[in-house]
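Colleague: I should be grateful for a close look at a single part of this predicted model. Please take one strand together with its partners, and then place that part in the wider setting of the fold.

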Amino acid sequence: MTRTLARSVGRSLGWIALGAALLSLPCADVLAQSADPDPVKLFDEGNALYREGNLAAAEAKFQQSFDLKPVYDTAANLGDCEINVGQFRDAAEHLSYAARNFPASGEAEIRAQLESRLRQALAKVGALTIQPSVPGAAIAVDGTKIGLSPLERDIYVEPGTHSISATKDGYER
């Protein structure tokens, strides 16, 4: 009987040692990498960084949040950061998105601020209305695919010369 007890204690100590070894591994890093990022948490982190004056880091957090869940308030904050760091084309895109998706029941004062910031961004960029005659054509600006025709919105570009293409199988270039 003593022998069985010794084996049981030995096995228990083995499991305890294994558990302690596993606890010493960097589990938090593994869990953080495997867990899906939370767009609300990223949005809140962006707001905190913005209040601290760290606009580049705030912009990165807002962009991550927007990529995960594109909503008007994140787009508005992202666009605001982009104006402040001189990224007017990106600001125009995000502020335009925010204005298009602003809720009808939203506060008039906030909508007015949003529209004011959008006007500031638009004053620094060009707006292209692209209307190919062929539906389903792939539209690219400066080699970057923008979408398929018909496009439902203007495309914003920095001042300067740009190349625009529309391609579709079965049609000549």
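Modeller: In this predicted model, the part I have chosen is strand β2, residues 138–141, which pairs with strand β3, residues 144–148, in the antiparallel sense over four bridges. Within that pairing, Val141 stands opposite Thr144 in β3, and Ala140 stands opposite Lys145. The two strands form a hairpin with two residues between them, where Asp142 takes a positive phi near 55°.

Strand β2 has a further partner: four bridges join it to strand β5, residues 164–167, and the two run antiparallel. In this pairing Ala138 stands opposite Thr167. Strand β2 is thus paired with β3 and also with β5.

The side chains of β2 may be considered next. Ala138 and Ala140 point one way from the strand, whereas Ile139 and Val141 point the other way. Ala138, Ala140, Ile139 and Val141 are all buried. Two of these residues have already appeared in the pairing with β3: Ala140 as the residue opposite Lys145, and Val141 as the residue opposite Thr144.

For the wider setting, the nonpolar cores are a useful starting point. The largest nonpolar core has 21 residues, of which Phe62, Leu95, Leu114 and Ala121 touch the most other members. Helices α3, α4, α5, α6 and α7 each supply at least two residues of this core. Ile139 of β2 belongs instead to a second, separate core of five residues, which also includes Ile130, Ile155 and Val157.

Returning to the largest core, Phe62 merits separate mention. Leaving aside residues up to four places away in sequence, Phe62 touches Phe43, Gly46, Asn47, Thr74, Asn77, Leu78 and Cys81. One of these contacts, Asn77, is also among the residues that lie nearest the centre of the largest pocket, together with Asp73, Ala76, Ile110 and Gln113.

That pocket holds about 330 Å³ of space and is lined by 18 residues. The elements that give two or more residues to its lining are α3 (39–52), α5 (72–84) and α7 (108–122). Helix α5 provides the largest share, five residues. By character, the lining divides into nine nonpolar, four polar and five charged residues. Helices α3, α5 and α7 therefore appear in two roles, as contributors to the largest core and to the lining of the largest pocket.

Conventions: Residues are numbered from 1 along each chain as its sequence is written. This is a predicted model: local features need pLDDT of at least 70, side-chain atom pairs count only at pLDDT 80 or more; totals for chains, interfaces and linings use all residues. Side-chain values use heavy atoms; hydrogens and water are left out. Two strands pair if DSSP finds at least two bridges between them. On a 1 Å grid over the protein atoms alone, a cavity is a set of points where a 1.4 Å probe fits but cannot get out, and a pocket is an open set with protein on both sides within 12 Å along at least five of seven lines; lining residues have an atom within 4 Å of a point. Grid points are joined across faces, edges and corners, and a volume is the space filled by probe spheres set on the points. Ala, Val, Leu, Ile, Met, Phe, Trp, Tyr, Cys and Pro count as nonpolar, Asp, Glu, Lys and Arg as charged, and the others, Gly among them, as polar. A nonpolar core is a set of buried Ala, Val, Leu, Ile, Met, Phe, Trp, Tyr and Cys residues joined through side-chain atoms within 4.5 Å. Buried means under 20% relative accessible area, exposed over 50%, partly exposed in between (1.4 Å probe, protein chains only). Contact means heavy atoms within 4.5 Å.
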